[in-house]
Amino acid sequence: MPSKASLTFDHAIQDAVDLVNHFDKLNTQPPPPENEVLKRASLVMALAALETYFEDRLVEAVETVAGTGEGHLSKFMRDSLANDLKYFHTPSTDRVRPLFQKYLGIDITEGWKWNMMEPSAARSELNALAKKRGDIAHRSWRPSSGAPTKHAVSRDDLRRHIHFIRQVVLATDAVLTGLAA
């Protein structure tokens, strides 16, 4: 059974998919430079959906482990996690791994394995996506006039990125479902 966090993620990631679909509908050859914002926004939305998933999934898992009662330990864990999540702004490996280790005692990234993807490659890819998202969100990477340059996000790369993010969610849920069993 999927977690509540993964169901919320499924809803949120649709914004990223919708932006790609809007880009496709507006696409002409060559695409007008102003349409590139849709691809950049799609990547930002996809990573935001993943960030929210990690936050929600960790809260769910901590509630499973610590409970939802008002006991001192349970309340301390939930309050501590809520405080830590205030500073969790980028879903990179170096932000995700320590939180899951601190609250659940596991390296969640070791479970990021599927098809031809190994955990080390998944960690590297997530870090690259998080960096790209930061660059796009904070530096714009808007195409400039003049000589054509490589776009910050290609359509094909974006579809692969969204697929990758979905796989990270599935793999994370699978590991955490196995812990709860």
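Two helices count as roughly antiparallel when the angle between their axes is over 145 degrees. With that cut-off in hand, let's take a few close-up views of this predicted model.

**View 1. Helix α3 packs against helix α4.** Helix α3 covers residues 72–85, and its axis lies 11 Å from that of α4. The angle between α3 and α4 is about 175 degrees, so the two helices are roughly antiparallel to each other. On the α3 side, look for Met77, Ser80, Leu81, Asp84 and Leu85. Their partners in α4 are Leu99, Lys102 and Tyr103. By character, the residues of this contact between α3 and α4 divide into 5 nonpolar, 1 polar and 2 charged.

**View 2. Alanine 82 sits in helix α3.** Is alanine 82 buried, exposed or partly exposed? Its relative accessibility is 43%, so alanine 82 counts as partly exposed. Now follow the chain 27 residues along from alanine 82 to threonine 109. The C-alpha atoms of alanine 82 and threonine 109 are 21 Å apart.

**View 3. Helix α4 has a buried side and an exposed one.** This helix has 12 residues. From its first C-alpha to its last, α4 reaches 16 Å, close to the 16 Å expected at 1.5 Å a residue. Which residues of α4 are buried? They are Thr93, Val96, Leu99, Phe100, Tyr103 and Leu104. These buried residues cover an arc of only 145 degrees around the axis, so they fall on the same side of α4. Turn to the other side of α4 and you will find Asp94 and Lys102, which are exposed.

**View 4. Glycine 105 follows helix α4.** Just after the helix comes this glycine, and its phi is positive, near 70 degrees.

**View 5. Helix α4 crosses helix α5.** Here α4, residues 93–104, meets α5, residues 119–139. Their axes come within 9 Å and cross at roughly 120 degrees, which means that α4 is oblique to α5. Thr93, Asp94 and Arg97 make the contact from α4, while Arg123, Leu126 and Asn127 make it from α5. The residues where α4 touches α5 divide into 1 nonpolar, 2 polar and 3 charged. Two of these names are familiar from View 3: Thr93 is buried, whereas Asp94 is exposed.

Methods:
Residues numbered from 1 in each chain as written. Predicted model: local features only at pLDDT ≥ 70, side-chain atom pairs only at ≥ 80, totals over all residues. Heavy atoms only, no water. Axes fitted to C-alpha atoms, helices over the stretch in contact; angles between N-to-C directions. Helix = DSSP H or I, 4+ residues; strand = E, 2+ residues; numbered from the N terminus. Parallel < 35°, antiparallel > 145°, perpendicular 65-115°, else oblique. Contact = heavy atoms within 4.5 Å. Nonpolar A, V, L, I, M, F, W, Y, C, P; charged D, E, K, R; others polar. Buried < 20%, exposed > 50% of the residue type's maximum accessible area, 1.4 Å probe, protein only. Expected span 1.5 Å × (residues − 1). Arc of directions from axis to C-beta.
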